[in-house]
Amino acid sequence: LTLFDLPWKNLPTMQRVIFYSLHELSAESFYSQIFPKLERSLSITLHHYSPLAGRLTWDAQDPKLCILFSQGDSVTLTVAETEADFSRLSGDELRPAAELRSFVPSLKASDDSASALSLQIMFFPNQGFCIGVTSHHGAVDGKVFLMFIKSWAYVCRLQEHEATKNLPVLPE
């Protein structure tokens, strides 16, 4: 990381919630069809964004931030289900931020390091699902975040397209 990244070390994490409306989505179809595609496409996408699976580290004596990634590092992915009102939560009207807090995961952090990224997929039976993302601003800026999410969506969509043509799924 550069000198320009140092001010981001102590800022709060970035938190985003992305809603996907799929009416009449049963638990069986979500867990057997959609979730496996999301999980597999996330794994494939992280091969191209490997620092996001790593950790930001710093030393109290040295203000310089480092992103460490080791083979086998991973992103925390939580899957849950809720009976909350999807249409109200995903709508355009204003709502207290506290209503959306349960849809974003927390980052693992200690005194000298923090995870770069954490994800949570929340299933709303017969309504859709949302993906909650929490990232450390020292590792992920807005542009990288958008590129990562668009890449993940592209790989997921590509899997769907390939599955309909009975082509093999991309290797990991």
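This report describes the nonpolar cores and the aromatic ring pairs of a predicted model.

## Basis

Residues are numbered from 1 along each chain as its sequence is written. In this predicted model local features need pLDDT of at least 70 and side-chain atom pairs count only at pLDDT 80 or more, while totals for chains, interfaces and linings use all residues, and side-chain values use heavy atoms, without hydrogens and water.

## Nonpolar cores

The largest nonpolar core (buried Ala, Val, Leu, Ile, Met, Phe, Trp, Tyr and Cys residues joined through side-chain atoms within 4.5 Å) has 30 residues, and F148 and W152 have the most contacts inside it. Among the elements that give two or more residues to this core are helix 1 (27-48) and helix 3 (142-164), helices being DSSP runs of H or I with at least four residues and strands runs of E with at least two.

Apart from neighbours within four places in sequence, W152 is in contact (heavy atoms within 4.5 Å) with L38, S41, L42, T45, L119 and I131. A second, separate core of 6 residues includes F86, L89, M122 and F124.

## Aromatic pairs

There are 11 aromatic pairs, counted where ring centres of Phe, Tyr and Trp (its six-membered ring) lie within 6.5 Å, with planes under 30 degrees apart called stacked, over 60 edge-to-face and the rest tilted. The rings of F19 and F124 have centres 6.4 Å apart and planes at 50°, so this pair is tilted. Because F19 lies in strand 1 (residues 14-21) and F124 in strand 6, the pair ties together parts that are 105 residues apart in sequence.

F124 is buried at 0% relative accessible area, whereas F19, at 22%, is partly exposed; buried means under 20%, exposed over 50% and partly exposed in between, with a 1.4 Å probe and protein chains only.
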